[in-house]
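I wanted to look up charged side-chain pairs, and to note for each partner how much of it can be reached from outside. My entries follow the structure.

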Amino acid sequence: MSMEDYDFLFKIVLIGNAGVGKTCLVRRFTQGLFPPGQGATIGVDFMIKTVEINGEKVKLQIWDTAGQERFRSITQSYYRSANALILTYDITCEESFRCLPEWLREIEQYASNKVITVLVGNKIDLAERREVSQQRAEEFSEAQDMYYLETSAKESDNVEKLFLDLACRLISEARQNTLVNNVSSPLPGEGKSISYLTCCNFN
Amino acid sequence: MADNLPSEFDVIVIGTGLPESIIAAACSRSGQRVLHVDSRSYYGGNWASFSFSGLLSWLREYQENRDIVNENPAWEEQILENEEAIALGRNDKTIQHVEVFCYASQDLHDGVEEAGALQKNHASVTSANSTEAGDSACLPTEDESLSTMSCEMPTGQTPSSDPEHALEVNDVDTTGEKENHCDDKTCVASTSEEETNENVPTVEDIAEQPKQNRITYSQIIKEGRRFNIDLVSKVLYSRGLLIDLLIKSNVSRYAEFKNITRILAFREGRVEQVPCSRADVFNSKQLSMVEKRMLMKFLTFCMEYEEHLDEYKDYEKITFSEYLKTQKLTPNLQYFVLHSIAMTSETASSTIDGLKATKNFLHCLGRYGNTPFLFPLYGQGELPQCFCRMCAVFGGIYCLRHSVQCLVVDKESGRCKAIIDQFGQRIMSKHFLVEDSYFSENTCSHVQYRQISRAVLITDRSVLQTDSDQQISILTVPAEESGTSAVRVIELCSSTMTCMKGTYLVHLTCTSSKSAREDLEPVVQKLFTPYTELEIENEEVEKPRLLWALYFNMRDSSDVSRSSYNDLPSNVYVCSGPDCGLGNDNAVKQAETLFQQICPNEEFCPPPPNPEDIILDGDSLQPGASDSSAVLEANSETPKETASLGNPEEPSE
């Protein structure tokens with residue numbers, strides 16, 4: 001692993017109703033483009049982008065739902081080893097906001113206790129069709145102790161900020177963990193190795 | 001969410017058990033349009049794992065299931081003149097003889113609820129802030145399920161006395177408990193750095209207060225999501241077909257594994273550890289020098305037995321157990337080899353089978369650790385889900401809580417052409433894969449099923465305590481009378497992420513001869529003691545105490561030949577439910593065979609393109625500038641012994 005060219009590796013997982021723009025956020029951030037239409041990304045498990053924050057290389061592995069949210073059939077294993085969750089809704093779609101509590105329950109059930117959750121209201125480029133006010137979303141995120149941000153994947157508004165801020169928080173969390181616990185102590189249920197990166201050498 | 005399904009697919013898969021999920025992944029991977037549905041609200045069917053509350057509602061669902069009356073099916077109008085319908089069954093009959101016992105003290109604070117419990121069976125859960133235990137009606141229903149469940153015994157032999165005893169547990173602190181307290185304390189110290197939940201009193205908190213040093217039922221409920229309770233108890237052979245498939249297909253990236261840390265044997269009323277690796281044999285304190293040499297010599301022979309035909313050909317006609325008696329092995333060693341290494345019985349295996357099993361065991365040894373087995377973190381139920389994720393990544397469409405009313409068969413061609421789902425929607429496809437339990441009694445009237453007896457126990461300590469409390473053990477208890485089968489015991493510790501801290505999750509499995517409780521209770525009584533007996537005899541602290549127990553029988557459809565189902569069109573394929581075996585080879589073989597019938601000449605689950613190949617690096621990246629000594633990974637906290645399957649090394653033994 002020491003051969004890998006990064007200082008930190010984080011797994012970030014997107015959730016939220018179908019059609020709120022999860023894939024667009026990922027594509028905008030990792031590839032700098034806004035995919036027109038609903039071109040499903042067949043065969044792409046996750047996207048990767050390495051960024052530099054205060055001189056440290058941070059590799060972000062960003063996982064999308066693979067369409068399983070469409071009929072509310074996301075696998076539990078999808079949540080298991082995420083360091084951060086981006087819970088997304090569409091500011092022009094009341095329904096996608098109303099479903100947030102349901103998503104939070106799934107998070108509570110399956111994700112690690114220490115996962116960082118960010119609430120994202122996407123599609124602010126369609127402000128004239130807004131159904132969910134910023135204030136409501138802010139109140140909700142405060143009550144749930146989440147960070148909150150509004151974005152536009154289309155106009156590239158706040159997308160960089162979303163992921164970079166998240167990376168900063170993940171770094172400081174990781175630092176705290178290594179200070180509080182000695183490095184060798186196991187913390188099952190969070191920040192675990194991603195299989196294909198590691199090889200089995202505990203023997 | 002009110003999204004409509006497309007009306008045409010290449011393959012429709014009904015049921016999300018392991019074989020179905022592997023096939024769905026394989027088909028999707030080779031470009032087929034796959035629809036994968038399950039009528040249940042969870043993945044895995046009888047391969048699923050549940051949180052504690054999830055398990056209780058699974059039990060409840062089985063109760064309610066029985067009451068479903070078939071109303072007039074609406075789909076009949078949709079069947080055209082040149083078509084026939086094969087109705088699918090509406091209730092799952094695969095689980096029987098469910099009995100639940102609670103021994104842990106039920107110091108009921110009203111309205112205890114699993115933190116963040118998900119009511120999976122209700123389609124819309126809307127309350128935003130019910131994460132804290134509220135004053136809900138949750139517990140009464142659970143009680144109800146407990147008491148009514150045990151009434152499901154066919155005759156009136158309901159074991160009512162035991163649960164009632166459990167309720168009588170009082171708060172008197174005994175010396176026995178004080179001694180135990182010390183044990184628990186060391187346990188807590190070594191695990192206290194694991195994640196803790198701020199909302200819920202953890203074992204750590206409890207251990208500070210000697211008077212409450214015991215796990216209560218309400219704690220089990222509260223910490224319920226720490227449990228991932230497998231319906232089917234299996235492990236992965238580290239050179240088995242499933243491991244090979246996980247690695248080949250890269251599905252291994254969705255899961256993590258731990259080594260089974262020890263193999264145990266139950267002999268003369270005692271549990272002991274079986275030395276199986278070279279290092280184990282040499283370090284063993286229970287074996288004499290002579291025995292060590294004997295065992296090593298025999299195991300070395302087994303590794304390459306095929307090359308020494310002359311040494312065993314005279315014994316080919318007798319059982320493995322007879323054969324072992326002819327070898328230079330003490331009774332002790334014979335027992336270990338027969339029951340714990342070859343995992344067979346006195347009568348079950350021929351010499352060749354036994355040698356083959358022993359060789360397989362040794363061959364798997366050392367690939368990932370000191371025993372030949374791996375266990376998936378969060379339980380066996382993760383595995384089907386991992387393959388489903390793979391299927392979805394390649395475009396497969398997933399629908400839980402979606403039932404299929406019937407298959408539509410074209411009279412002329414005799415082939416199945418569509419399904420009609422619960423909403424009456426007709427969905428066309430070329431191939432249909434159906435898990436056995438979905439068929440109606442009409443289809444299965446000639447099918448003979450076997451049964452699996454299962455028990456799930458929550459206990460307060462390991463059957464064999466050592467300096468580490470985080471052991472994962474497999475124990476085979478041989479059958480006592482002929483005609484019954486050996487009982488396989490798998491004990492899981494909390495670091496497998498399948499039970500709360502301070503408890504162990506114990507799975508017992510055997511081929512049924514009677515009801516699960518009749519088959520398994522004798523073994524449970526040998527190994528464990530009900531929680532209440534502690535106050536009386538505190539000298540017998542070695543036996544773990546039972547906090548909670550569940551018995552049930554599961555139907556085993558693994559051996560059913562396709563021809564015993566009535567009138568299935570050639571493009572309807574049947575997947576079986578879980579088998580009784582320890583490994584998963586059966587499921588993988590079945591999946592590969594069926595896949596090849598659906599997609600002849602296609603590769604089975606080839607590796608997907610590496611997501612790393614589509615990396616777009618940030619502008620600021622300077623390749624090669626990283627100082628490896630300063631590397632601090634987010635995942636450096638990974639349990640070291642967690643096995644990742646990515647790039648396995650050759651055995652070190």
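These are my notes on the salt bridges.

Before starting, I noted that this is a predicted model, in which local features need pLDDT of at least 70, side-chain atom pairs count only at pLDDT 80 or more, and totals for chains, interfaces and linings use all residues. I also noted that residues are numbered from 1 along each chain as its sequence is written, that chains are lettered from A in the order in which they are written, and that side-chain values use heavy atoms, with hydrogens and water left out.

Entry one. I took a salt bridge to be a side-chain nitrogen of Lys or Arg within 4 Å of a carboxyl oxygen of Asp or Glu, and by this rule I found 35 salt bridges over all chains.

Entry two. I looked up B:Arg267, which forms a salt bridge with B:Glu268, with 3.6 Å between the closest N and O atoms. B:Arg267 is buried (under 20% relative accessible area; exposed is over 50%, partly exposed in between, with a 1.4 Å probe and protein chains only), at 17%, whereas B:Glu268 is exposed at 71%.

Entry three. I then found B:Lys359 and B:Glu306 joined by a salt bridge of 2.9 Å, N to O. B:Lys359 is partly exposed at 24%, and B:Glu306 is also partly exposed, at 47%.

Entry four. I last checked B:Asp460 and B:Arg461, whose salt bridge has its closest N and O atoms 3.4 Å apart. B:Asp460 is buried at 10% relative accessibility, and B:Arg461 is buried at 6%.
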